[in-house]
Amino acid sequence: MTDVLRIEDLSAGYGPLGVLHSVGLTVRAGERVGIIGLNGHGKSTLLKAIAGLTGWQSGSIKLNGIEIGGTRSQGPGRYTHKIVRMGLALMPQGDALFHGLTVADHLDSGAYTRRAWRERKQRREHVLAIFPPLEKLLGQPVGKLSGGERRMVSLARGLMDDAKLLLIDEPSLGLAPKISKGLIEALMRIDIKDGAMVIAEQNLSLLEGKVSRLIGLHAGKLKGGAVAPDMPLSETTHHHH
Amino acid sequence: MDPYYLALTTINLAAIYGLLALGISIIWSSLGMINMAQGFTFAVSGYGAWLVAQHISTNGLAVVAGGVITGALAGALIGGIAFIPLYDKPNFPLRSLIATLAISLMGGQCLLWIFTPRVKALPKIFGIGNVHFGPVVASYDKIGSIVCSAILLLVTLAWMKSSRRGLEIRAMMQNPEGAALVGVGLRSTAMAVMMVTGAMAGLAAVLLSQNYFISPTAGVTPLVKGMVVALAGGLGSVAGALIAAILIGFIEAVTAVGLGGQYVLITQFLFIIAVLLVRPRGIAGMIEHTRE
């Protein structure tokens with residue numbers, strides 16, 4: 001079985017600044033992985049590099065066995081829509097929402113494949129079951145919502161299509177502790193099937209005991225657990241060559 | 001001064017300027033590009049419609065279609081030259097401004113070369129005559145152009161509201177990175193925007209040519225007015241562009257009737273300066289969220 005995500009020797013940054021230094025990470029189907037690190041150590045850059053949104057990057061990134069990485073020196077975001085269409089959903093910091101559009105528009109926008117667009121009404125019901133507070137807000141422009149509600153919109157939008165890999169950047173950032181806890185619980189309720197989920201978070205206690213693996217990210221390098229358990233490094237390498 | 005005539009002229013001008021201004025406004029907010037070649041699209045579309053009238057049919061629908069299709073193609077050409085190769089290069093806003101200006105100037109020269117400076121006239125596609133509604137007397141021209149532009153505006157707005165592509169354009173107007181994250185391809189969406197706005201300019205060209213002649217430089221004044229309406233309305237705001245188009249159309253109608261046609265540009269620019277002094281981001285620039 002292929003890994004949902006397999007990163008090898010990934011370096012990335014912005015202009016003269018290098019943020020990630022030769023990072024390797026494997027995430028297998030059905031896993032929820034937590035990446036723990038302080039501000040400025042590269043969590044967001046790691047998730048952005050997977051989506052092709054960093055200033056520059058090099059190294060291999062495979063999504064379901066298909067190469068989406070490679071060396072790129074400019075044009076952040078140029079290939080992002082293609083990577084998204086291959087099954088990636090990134091819920092970034094700051095949520096990347098469309099402030100003048102309604103919650104319903106956001107959910108529709110997440111249904112980018114033809115099939116999802118046709119089924120957008122049913123899919124909307126499905127995500128509203130995960131985030132019930134959004135039901136009443138469907139007609140509201142997102143610019144008027146609270147921080148917690150916006151985070152829910154961003155997550156719900158990412159769930160509208162059949163993404164194989166969900167990347168969630170700091171779900172708790174800027175939210176009251178009670179609301180962050182509720183959000184993490186909602187994330188754990190999502191049925192990832194044969195996909196996987198990676199959550200970047202500063203707050204270790206929010207994820208502890210809830211995810212399959214916790215990995216530390218310090219000064220642009222991953223510490224411990226970066227390869228899926230019960231599978232030694234040599235074997236995973238062998239598997240793919 | 002006949003108030004009904006004034007109102008009708010206002011709506012007529014507002015509809016035509018609205019078509020141009022909305023195009024400029026949508027291009028700016030979704031593509032981040034000031035399209036100086038919108039006037040070129042306008043002029044080319046006039047010739048497209050004229051060629052159809054000369055060689056294919058003088059049927060009103062055929063002439064309108066000729067203008068609209070030429071406009072869409074010109075929009076695609078501008079997008080292909082000024083947006084696709086430049087958008088991810090540094091300093092894109094300035095480069096694309098210069099590129100579209102260059103297209104506009106070169107295109108104008110090409111039109112001069114191909115069609116000579118002699119002006120052309122389109123057939124009166126709506127016929128000649130007047131309709132009487134009680135005290136109101138309206139010429140076929142005015143009714144036809146108001147109805148046509150209202151239809152195109154409504155169809156465009158409904159398409160933007162209900163289709164996937166329209167949602168993608170609205171998403172891109174608000175947040176290009178967020179749009180990429182929901183699978184919106186910048187290039188194909190940009191080309192769609194350029195073609196739709198080109199078609200709007202094309203229709204405006206056919207409608208305005210019912211009263212003015214077609215010439216290689218016919219696009220300059222409409223470009224300036226479209227730009228001014230878009231700025232006064234608040235770049236990126238659909239509602240703002242429509243409100244500003246009505247105000248500018250009203251000022252033009254009042255000035256032309258009260259003072260004389262030669263003062264139109266003066267009063268319009270005085271109005272714009274006044275608006276921008278009070279509201280630097282335009283009439284609706286603060287109401288709706290626009291691209292920073």
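Biologist: Which residue is the bridge partner of A:Glu8 in strand 4 of chain A?

Modeller: This is a predicted model, in which local features need pLDDT of at least 70 and side-chain atom pairs count only at pLDDT 80 or more, whereas totals for chains, interfaces and linings use all residues. Residues are numbered from 1 along each chain as its sequence is written; chains are lettered from A and ligands numbered from 1 in the order in which they are written. Strands (E, at least two residues) and helices (H or I, at least four) are DSSP runs numbered from the N terminus, and two strands pair if DSSP finds at least two bridges between them. Within strand 4 of chain A, the bridge partner of A:Glu8 is A:Ser60.

Biologist: How many bridges join strand 1 of chain A to strand 4 of chain A?

Modeller: Strand 1 covers residues 5–14 and strand 4 covers residues 56–63 of chain A, and the two run antiparallel. One position of this pairing sets A:Gly13 opposite A:Trp56. The number of bridges joining strand 1 to strand 4 is 7.

Biologist: Which residue takes a positive phi in the hairpin of strand 1 of chain A and strand 2 of chain A?

Modeller: Strand 1 and strand 2 of chain A run antiparallel and are joined by 7 bridges, with A:Ala12 bridged to A:Leu20 in strand 2. The hairpin has 2 residues between the strands. The positive phi, near 55°, belongs to A:Gly15.

Biologist: Which strands are the edge strands of the open sheet in the order 2-1-4-5 of chain A?

Modeller: The pairing in this sheet of 4 strands is antiparallel. An edge strand here pairs on one side only. In chain A that applies to strand 2 (17–27) and strand 5 (66–67).

Biologist: At about what angle does helix 1 of chain A run to strand 2 of chain A?

Modeller: Helix 1 (residues 43–50) lies across strand 1, strand 2 and strand 4 of chain A. Axes are lines fitted to C-alpha atoms, for helices over the stretch in contact, and angles run from 0 to 180 degrees between N-to-C directions. Relative to strand 2 of chain A, helix 1 runs at about 70°.

Biologist: Why is one side of strand 6 and of strand 10 of chain A left without a neighbour in the sheet?

Modeller: These strands belong to an open sheet of 6 strands with mixed pairing, in the order 6-7-8-3-9-10. Strand 6 (88–91) pairs in the parallel sense with strand 7 (residues 165–169) over 4 bridges, and A:Met91 stands opposite A:Ile168. Strand 6 and strand 10 (221–223) stand at the edges, so one side of each is left without a neighbour, each having a single partner strand.

Biologist: How many residues of chain B are in contact with chain A?

Modeller: Two residues are in contact if their C-beta atoms, placed from the backbone, lie within 7 Å. On the side of chain A, 23 residues take part, and helix 2 (80–85) and helix 3 (103–110) each supply at least two of them. In chain B, the residues in contact number 17.

Biologist: What is the radius of gyration of chain B?

Modeller: The secondary structure of chain B comes to 11 helices and 2 strands, and its C-alpha trace spans about 55 × 45 × 35 Å along the principal axes. The globule rule, 2.2 Å times the number of residues to the power 0.38, is set against a radius of gyration taken over C-alpha atoms. Chain B, with 292 residues, is as compact as a globular protein of that length, because the rule's 19 Å is close to its radius of gyration of 19 Å.
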